[in-house]
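Colleague: Please take one part of this model and go through it closely. Short steps suit me best.

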Amino acid sequence: MLNKAINNYLQSEPQKNCCWFNHHWLTRIEFNNLIDNLSTVLKSSGFTHGQRLASLLPNSPVTLALIAATWRLGGVFCPLNPQSGEASLIKTLDMLKPFSVIIPQSISPKLLDALNSSSWPSSILPLETLSGIETISGRMQQSDDYDKSLAVIFSTSGTTGEPKAVPLTHANILDNINACLEHVPDLNPSDCLLNVLPNFHAFGFTICCILPFVLGASQVLLTSFMPPSNVIKAIEETHPTVLLLVPTMLGFTASLLERMNMKLSGIKLLIAGGDRYNTKMDDRVTRAFGVPVIEGYGITECSPVLAVNPSPEVRKLGTVGPALPRFELQLRSENGELQNIPGEGVLWVKGPSVTSGYYHADEINRERFVDGWFNTGDYVRIDDDGYISVLDRVTDIIIVGGFNVYPQEVEAILNANEAVNTAVVVGMPNDISGEVPKAYIILNAGVEVTEGEIIKYCKERLSHYKVPRAVEFVDSLPVSSTGKILRRVLRQQEREKNS
């Protein structure tokens with residue numbers, strides 16, 4: 001389905017610009033040739049339908065073409081986060097069992113060593129051209145569970161530190177894109193979208209990478225947001241009309257523009273998602289970008305966009321807007337009892353954008369999927385007009401600059417420290433990243449350790465965004481009548497400290 005949409009885009013007006021990268025525009029016909037070449041390389045290497053192709057490539061023309069080539073051959077694309085850490089990456093590959101892992105020339109030596117020591121074949125691809133590339137290293141995998149409807153599998157470290165995967169079908173993603181286009185009427189084929197969000201992030205993959213093909217628009221590709229000055233230079237050179245950013249990026253860019261005494265022009269839509277938008281910086285952001293932010297909300301399991309303010313004219317600041325078409329909503333208590341709408345409660349959703357379940361995870365599927373309804377794990381308020389405000393997370397995920405951090409993974413590292421008796425990690429408000437991890441630690445009797453020593457210990461074992469930014473040593477932790485640690489109480493304490 002998505003393959004057909006991409007082919008229709010490429011065959012229509014083949015001389016028009018498709019994507020910009022490193023100061024150069026590729027036309028649609030040039031990009032189609034890149035897909036053809038990649039398809040040939042993959043097929044001659046033994047890749048075929050039912051196989052999974054893992055990728056650690058950053059945003060680039062080759063990455064986009066690799067996605068399309070994978071689908072042309074009936075395969076499943078598996079974008080991976082290179083910052084997830086060596087141990088987490090290998091666990092994820094052991095779960096996905098890919099044909100091959102595609103890596104960039106800039107891969108870190110530690111990650112490359114981990115891959116070379118694993119059982120999974122890998123191959124380096126350049127980011128712009130396939131000159132000299134005739135084959136990749138790969139290995140056929142059993143495909144007893146092959147589902148030809150699958151398009152992509154997103155992976156996370158999971159709530160226990162073990163990998164968890166969200167499979168999305170072509171129909172899931174296409175419905176989500178079409179719903180976005182119906183819901184946000186100002187998007188049109190003449191637009192140019194900024195694609196700087198990482199493609200292993202569902203927001204970046206669906207909305208930045210794939211939506212432009214379905215819409216008929218062009219896109220500006222950047223491998224990374226850092227440094228923000230390069231993003232500003234790219235915007236000035238290419239004049240995109242639609243910027244898609246997480247709130248942390250908005251803050252960095254607005255601050256830099258202020259220091260440079262600059263304002264951007266020509267931007268029609270500024271869309272934020274992936275984390276909570278700090279409304280206190282709204283005036284600064286509007287001045288810097290020339291348009292107000294329209295905030296949205298999504299989760300990977302929903303392909304990912306669930307709600308968004310449709311336009312600057314009808315936005316309600318502090319809300320993530322109404323739900324997209326074809327989503328059904330319920331509010332439930334934490335015990336599962338239906339609540340009234342308008343009102344507050346845990347948000348459950350149903351619709352054609354929602355995944356049918358996690359990959360090979362029956363236990364968690366029974367918890368989160370009931371009679372076709374999916375528990376988002378978010379506690380929200382829905383007003384009389386259907387606008388949604390996200391109040392809290394019932395699940396424990398901490399969102400650091402748009403990236404998910406599962407407290408249990410960090411806690412497992414902390415609890416392995418000989419000085420630690422019990423560790424609990426929650427999100428602490430942060431003006432730049434939205435949230436950062438904070439650890440509450442009960443030490444073993446007679447042991448002394450400093451906050452700096454704990455943080456250094458974590459830095460040696462975790463990706464940088466998962467490392468606690470603060471450590472508080474305590475004698476006890478808030479618990480329920482059944483002895484469960486009340487993370488919500490700790491989160492509330494942190495919000496009160498920062499209010």
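Modeller: Two strands count as paired if DSSP finds at least two bridges between them. Helices (H or I, at least four residues) and strands (E, at least two) are DSSP runs, numbered from the N terminus. The model is predicted: local features need pLDDT of at least 70, side-chain atom pairs count only at pLDDT 80 or more, and totals for chains, interfaces and linings use all residues. Residues are numbered from 1 along each chain as its sequence is written, and side-chain values use heavy atoms, without hydrogens or water.

Start with the sheet of strands 23, 24 and 25. These three strands form an open sheet in the order 23-24-25, with mixed pairing. Strand 23 and strand 25 (470–473) are the edge strands, and each pairs on one side only. Neighbouring strands here are turned by 25° against each other on average, direction ignored. Angles run from 0 to 180 degrees between N-to-C directions, and axes are lines fitted to C-alpha atoms, for helices over the stretch in contact.

Look at strand 23 and strand 24. Ten bridges pair them in the antiparallel sense. Find N430; G434 in strand 24 stands opposite this residue. Now add the helices. Helix 12 (residues 407–415) packs on the sheet and touches strand 23 and strand 24. The direction of helix 12 makes about 140° with that of strand 23. Helix 13 (residues 451–459) also packs on this sheet. Helix 13 touches strand 23, strand 24 and strand 25, and its direction makes about 130° with that of strand 25.

Next, the loop between strand 23 (420–430) and strand 24 (434–443). S433 is found there. Is S433 buried or exposed? Buried means under 20% relative accessible area, exposed over 50%, partly exposed in between (1.4 Å probe, protein chains only). S433 has a relative accessible area of 14%, so S433 is buried. What does S433 touch, not counting residues up to four places away in sequence? The list is T248, D275, I399, V400 and G401. Contact means heavy atoms within 4.5 Å.

Now turn to the sheet of eight strands. This sheet is open, its strand order is 2-1-10-9-11-12-13-14, and its pairing is mixed. Strand 2 (24–27) and strand 14 (305–308) stand at the edges. Each has a single partner strand, so one side of each is left without a neighbour in the sheet. From one strand to the next, the twist averages 25°.

Follow strand 1 (residues 17–21) in this sheet. Strand 1 runs antiparallel to strand 2, and four bridges join them. C19 stands opposite L26 in strand 2. The hairpin of strand 1 and strand 2 has two residues between the strands, and N22 takes a positive phi near 55°. Strand 1 also has a parallel partner: two bridges join it to strand 10 (residues 218–221). W20 stands opposite V220 in strand 10.

A helix crosses further along. Helix 9 (residues 247–259) lies across strand 11 (242–245), strand 12 (269–272) and strand 13 (293–298). Helix 9 runs at about 115° to strand 11.

What of L347? This residue lies in strand 17 (residues 343–350). L347 has a relative accessible area of 0%, so L347 is buried. Its C-alpha atom is 5.8 Å from that of D378, although the two residues are 31 residues apart along the chain. Leaving aside neighbours within four places in sequence, L347 is in contact with several residues, among them Y297, L306, L329, F374, D378 and I382.

Go back to the beginning of the chain for helix 1 (residues 2–11). Seven of its ten residues are buried, so helix 1 is largely enclosed by the rest of the structure. They are L2, N3, A5, I6, N7, Y9 and L10. Just after helix 1, E13 takes a positive phi of about 50°.

Finish with two helix pairs. Helix 4 (residues 86–96) and helix 5 (residues 109–117) pack at an angle of about 35°, with their axes 10 Å apart. E86, L89, I90 and L93 of helix 4 make the contact with K110, L111, A114 and L115 of helix 5. In the other pair, the axes of helix 3 (residues 61–72) and helix 7 (residues 202–215) come within 11 Å and cross at roughly 70°. There, L64, I67 and W71 in helix 3 meet F205, C209, I210 and F213 in helix 7.
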